Amino acid sequence: LLSKLGCDNVIVAGDTRSDRVAQIAAAAKKIELVEQFKGENRLFVAGSTWGPDEELIVQLANDNPSVKFIIAPHEMDESRMAKIEQTAVGGAVRYTEVANSSLDKQILILDTMGMLSSVYGYAEFSYIGGGFGVGIHNTLEAATFGLPIAFGPNYQKFKEARDMISLGAATSITNYEELKAWFSPLLSDPQHLTAVSQISKEYTAKHQGATDIFFKAVFSKQ
């Protein structure tokens, strides 16, 4: 597009978000409560979810009682959090109410802000919300930890999502059967999980460096 407009003095730097999420991952916080909740179990983290996402994730949790789930709603909607608690067969507890309850539940609702990027570091599987609405949220935060990623059908505006689908690190689903079909092999085949996780991590590592390119182009003397 720039070339067509006669602008040929161009450097393709990439997306500085890849550098930012790598920085966040390197500074990830230790969260003892999440460690206690996970225990020796495998952990599935669903981040920035909305109602349609949460219905699918709770159904997946009900079908996989050996896996722990953390759901981080995009908005702290009381009715939606209550619905998760009511429909979770293995029980659900809110992060802010753990002191008055037990961690012996299958689902932990992350009803607080600023923790999701660190929580991904405890997971083996991830889901990114928003794909049944205006568009998915940040996939790079999960990918930088080497997580397989699933999300809803509205992802086309995001290059990293399209890239990761083509590489096999992510998948787009439109219903529960597709979510289950994606998750089952990851859960049952450790080699498959390792391979997909490696693709995810390598993608974010490969795309780091844009910040340095920008900085040198703008501030370095010729």
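**Exercise 1. Is Lys216 buried, partly exposed or exposed, and what is its relative accessibility?**

*Solution.* Step 1: recall the classes, in which buried means under 20% relative accessible area, exposed over 50%, and partly exposed in between (1.4 Å probe, protein chains only). Step 2: apply them; Lys216 has 48% relative accessibility and therefore counts as partly exposed.

The model is predicted, so local features need pLDDT of at least 70 and side-chain atom pairs count only at pLDDT 80 or more, while totals for chains, interfaces and linings use all residues. Residues are numbered from 1 along each chain as its sequence is written, and side-chain values use heavy atoms, with hydrogens and water left out.

**Exercise 2. Identify the salt-bridge partner of Lys216 and place both residues in the fold.**

*Solution.* Step 1: state the criterion, a side-chain nitrogen of Lys or Arg within 4 Å of a carboxyl oxygen of Asp or Glu. Step 2: find the partner; Lys216 bridges to Asp212, with the closest N and O atoms 3.2 Å apart. Step 3: locate them; both lie in helix 10 (residues 210–219), 4 residues apart, about one turn of the helix. Helices (H or I, at least four residues) and strands (E, at least two) are DSSP runs, numbered from the N terminus. Step 4: classify the partner; Asp212, at 40% relative accessibility, counts as partly exposed.

**Exercise 3. Describe the salt bridge of Lys159 and that of Glu55, with the helices involved.**

*Solution.* Step 1: the structure holds 7 salt bridges. Step 2: in one of them, the closest N and O atoms of Lys159 and Asp163 are 2.7 Å apart. Both residues belong to helix 7 (residues 159–167), and 4 residues, about one turn of the helix, separate them. Lys159 is partly exposed, with a relative accessible area of 47%, whereas Asp163 is buried, at 18%. Step 3: the side chains of Glu55 and Lys83 also meet in a salt bridge, at 3.1 Å, N to O. Because Glu55 lies in helix 3 (residues 51–63) and Lys83 in helix 4 (residues 78–87), this pair ties together parts that are 28 residues apart in sequence. Glu55 counts as partly exposed at 47% relative accessibility, as does Lys83 at 41%.

**Exercise 4. Which parts of the structure does the aromatic pair of Phe125 and Phe183 tie together?**

*Solution.* Step 1: set the criterion; rings of Phe, Tyr and Trp (its six-membered ring) pair if their centres lie within 6.5 Å, and planes under 30 degrees apart count as stacked, over 60 as edge-to-face and the rest as tilted. Step 2: a search of the whole structure finds 8 aromatic pairs. Step 3: Phe125 and Phe183 form an edge-to-face pair, 4.9 Å centre to centre, with 80° between the planes. Step 4: Phe125 lies in strand 5 (residues 125–128) and Phe183 in helix 8 (residues 176–188), so the pair ties together parts that are 58 residues apart in sequence. Step 5: both Phe125 and Phe183 are buried. Another pair, Phe151 with Tyr155, is tilted: 5.5 Å centre to centre, 45° between the planes. Phe151 and Tyr155 are likewise buried. Step 6: ring pairs link Phe125 and Phe183 with Phe44, Phe69 and Trp182 into a cluster.

**Exercise 5. Determine how strand 5 is covered on its faces and how strand 5 pairs with strands 1 and 6.**

*Solution.* Step 1: inspect the faces; Phe125 and Tyr127 on one side and Ser126 and Ile128 on the other are all buried, and both faces are covered. Step 2: recall that two strands pair if DSSP finds at least two bridges between them. Step 3: strand 1 (residues 42–49) and strand 5 pair in the parallel sense over 4 bridges, and Ile128 of strand 5 is the bridge partner of Gly47. Step 4: strand 5 and strand 6 (residues 149–151) also pair in the parallel sense, over 3 bridges. Here Ala150 of strand 6 is the bridge partner of Tyr127.

**Exercise 6. Where is Glu202 found, and how far apart are Glu202 and Gly146 in space?**

*Solution.* Step 1: Glu202 is found in helix 9 (residues 190–206). Step 2: at 45% relative accessibility, Glu202 counts as partly exposed. Step 3: Glu202 and Gly146 are 7.8 Å apart, C-alpha to C-alpha, with a sequence separation of 56 residues.
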